[in-house]
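Please look over the sequence and the model below before reading on. The paragraphs after it go from terms to overall layout, and then to single residues.

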Amino acid sequence: KIKNNCVVYQHEDVWETCALLAECQFVLTNKLHIGIVSYALGNTPLSFPYHSKTIRFYKQINQESLCTPILNIEEDTVLDTLNRTLDSKWKTKIESVNDKRRPELRKMALKNKVYLERFILGTL
C-alpha cells in the first residue's frame with residue numbers, strides 16, 4: 001500500500017530532521033517531539049511510545065488511535081496500525097480532525113512562545 005519510499009532515519013540535526021518530517025506523509029516513532037512536529041506539519045504520526053507523556057499528548061489532540069504504548073504491542077500491532085492508517089477513509093477522517101484543531105493548537109503554541117521569550121529575557 002505504501003507508494004513512496006520508506007526512510008529509516010536517526011536524528012543528528014534538528015533542522016535536517018524537521019525538513020525530513022515536512023516531506024513525510026506518515027511517521028512511525030516512539031519519540032514525543034517527533035510526533036508533535038509531525039502532527040504540526042500536517043502528516044500522520046504513528047507512535048509506539050515508552051513514556052506516558054507521549055500518550056498524554058495524543059490524548060490532548062484527540063488522536064489516541066495513533067498511539068499504542070510499546071508495552072501493549074503484540075505480534076501484528078504495528079502492521080495492523082499501519083494498514084488502518086493507510087486506509088483512505090480512515091486517513092481522510094484523521095486529516096479533517098487535524099484541520100479543525102490546527103488553528104487552536106497554533107494559537108496555544110504562539111502563546112507558549114511568548115511565555116518562553118519572557119522567561120528567557122527575565123521579564124516574566
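A residue is called buried when its relative accessible area is under 20%, exposed when it is over 50%, and partly exposed in between. Cys24 has 28% relative accessibility, so it counts as partly exposed. Cys67, at 10% relative accessibility, counts as buried. The model is a predicted one, and these values are computed from it.

The two cysteines raise the matter of cross-links. A disulfide is a covalent bond between the sulfur atoms of two cysteines. How many disulfides does a search of the whole structure find? The search gives 0.

Now the overall layout. The protein contains 5 helices and 2 strands. Read from the N terminus, the order of these elements is α-β-α-β-α-α-α. The protein has 124 residues, of which 27% count as buried. Its exposed area is about 9,200 Å², and 55% of that is supplied by carbon and sulfur atoms. If one takes the contacts between residues at least 6 apart in sequence, 32% of them join residues at least 24 apart.

Helix 2 covers residues 32-40, and Ser38 is part of it. Is Ser38 buried or exposed? Its relative accessible area is 0%, so Ser38 is buried. Apart from neighbours within four places in sequence, Ser38 is in contact with Leu21, Val27, Asn43 and Pro45.

Helix 4 runs over residues 77-86, and its buried residues are Thr77, Thr81, Leu82 and Thr85. Viewed down the helix axis, these buried residues fall within an arc of 130°, so they line one face of helix 4. The general geometry of a helix helps in reading such a pattern. An α-helix has 3.6 residues a turn, and therefore residues three or four places apart point the same way.

Helix 5 takes in residues 88-121, and Leu121 is found in it. Leu121 has a relative accessible area of 66%, and because the cut-off for exposed is over 50%, Leu121 counts as exposed. What does Leu121 form on the surface together with Tyr115, Leu116, Phe119, Ile120 and Leu124? These residues form a nonpolar patch, and together they have about 720 Å² of accessible area.

To go back over the single residues: Ser38 in helix 2 is buried, whereas Leu121 in helix 5 is exposed. Of the cysteines discussed, Cys24 is partly exposed and Cys67 is buried.

Methods
Residues numbered from 1 in each chain as written. Predicted model: local features only at pLDDT ≥ 70, side-chain atom pairs only at ≥ 80, totals over all residues. Heavy atoms only, no water. Disulfide = S-S within 2.5 Å. Buried < 20%, exposed > 50% of the residue type's maximum accessible area, 1.4 Å probe, protein only. Patch = residues over 30% accessible without salt bridge, like charges linked within 9 Å, V, L, I, M, F, W, Y side chains within 5 Å. Areas by Shrake-Rupley, 256 points an atom, 1.4 Å probe, with all protein chains shown as cover. Salt bridge = Lys/Arg side-chain N within 4 Å of Asp/Glu carboxyl O. Helix = DSSP H or I, 4+ residues; strand = E, 2+ residues; numbered from the N terminus. Arc of directions from axis to C-beta. Contact = heavy atoms within 4.5 Å.
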